[in-house]
Amino acid sequence: MKLQVQPLENVGAEVLGFDLNAPLDTSTANTLEALWREHAILLFRNQDITPERQIEFSRIFGSLELHPLKVKTSAEYPELFVLENGGEMDRHQSASYHGETIVGRLDWHMDLHYTARPNRGALLRAVVVADEGGQTGFGDLAKAYDALDEDTKALLSNIEVAYRFNVQRLQMRFVDNDGYQPGPHSPKKPSDLGFPDFDDSIYPAVVEHPVTGRKVLEIVEQFLDRIVDPSRAGLDDSAADALLRRLVAHTRQAEFHYFHSWQPGDMILWDNWRAMHCTTGTKPGVHRLINRTTIAGDVALGRQVARAA
Ligand SMILES: [Fe+2]
């Protein structure tokens, strides 16, 4: 298979000349793995494949994880996580943004970040797409780190950040809640979504990627809570908060982002140890279906600590 690689807007790359239904030799598989390490976000278009083929393909990149939230996995294929809008679950995922009801919007995050052991990566394949909206954004936090000034890099080398799992967006400290109102069925507590309670997770502010060694700015706005013991870095609480706000603003810059508008058959593989992602959501009643497979994380990037009262 002769692959061509074309950079996406700002970050990530599109792989052209690839057909997942053709036999995949070892050298092509190795090339894809190397491209994934290099670019963190890979797009493949027009992949008309079965769930079995998606599962088989995903195994090239590591062993697959069964999502810990069993409520969302497919009964037929336990490795497949079906993301679907347009049904009963929309009730919990609807909220108002500047007066407009939007279903399934999610802030920038890394998957399973709240466990201190994020999955290595994941692969999404669009089956049914929304006519408008429903984009997925990806943000490259290795490039975000590289773009920091040297003083900030030096300061961050001595800092740990804590994340606090929360299902109420209004309680998340660093997301943009301007114009946001929860919907009538927005979750109040983790068990409303079938989630357990999670301890806080603590990460170095800069994580060295376990595979590539690249430095990754470990600042993702969803669940971001505080700097741990800021006095160690010579900061008081308000300076610590100001630093986190500055870093979040830094990660929100478009130069680190790629937003994908899905077509049926589009497939995106991303490195969840390096790239954050978000979803823009859709208007109510829009049917959208994405099949997802998850590549397991075999090391912890952070640690968990019991929540302070
Ligand atoms: Fe996610």
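Select strand 2 (residues 13-16) and strand 3 (residues 41-44): these strands pair in the parallel sense over 2 bridges. Strands here are DSSP E runs of at least two residues, helices are H or I runs of at least four, and both are numbered from the N terminus. Two strands pair if DSSP finds at least two bridges between them. Now pick Ala 13; its bridge partner in strand 3 is Leu 42.

This is a predicted model: local features need pLDDT of at least 70, side-chain atom pairs count only at pLDDT 80 or more, and totals for chains, interfaces and linings use all residues. Residues are numbered from 1 along each chain as its sequence is written.

**The open sheet**

Widen the selection to the whole sheet. It is open, has 7 strands in the order 1-2-3-17-8-19-4, and its pairing is mixed. Strand 1 (4-7) and strand 4 (80-85) stand at the edges; each has a single partner strand, so one side of each lacks a neighbour in the sheet. From one strand to the next, the twist averages 25 degrees.

Add helix 1 (residues 26-39). It packs on the sheet and touches strand 1, strand 2, strand 3 and strand 17 (267-271). Contact means C-beta atoms, placed from the backbone, within 7 Å. The direction of helix 1 makes about 130 degrees with that of strand 3. Angles run from 0 to 180 degrees between N-to-C directions, with axes fitted as lines to C-alpha atoms, for helices over the stretch in contact.

Next, helix 2 (residues 51-58). It also packs on the sheet, touching strand 4, strand 8 (121-128) and strand 19 (288-295). Its direction makes about 30 degrees with that of strand 19.

**Back to Leu 42**

Leu 42 touches Gly 12, Ala 13, Val 15, Leu 35, Trp 36, Ile 268 and Leu 269, not counting residues up to four places away in sequence.

**Strand 18**

Jump to strand 18 (residues 275-279). Here 5 of its 5 residues are buried, meaning that 20 or more other C-beta atoms, placed from the backbone, lie within 10 Å of a residue's own. In a regular strand the side chains alternate between the two faces of the sheet. Ala 275, His 277 and Thr 279 point one way, Met 276 and Cys 278 the other.

Show strand 7 (residues 106-109), which pairs with strand 18 in the antiparallel sense over 2 bridges. Then show strand 9 (residues 136-140), antiparallel to strand 18 over 5 bridges. Which residue of strand 18 is the bridge partner of His 109? It is His 277. His 277 is also the bridge partner of Phe 138.

Notes: Two residues are in contact if their C-beta atoms, placed from the backbone, lie within 7 Å. A residue is buried if 20 or more other C-beta atoms lie within 10 Å of its own, exposed if 12 or fewer, and partly exposed in between; C-beta atoms are placed from the backbone.
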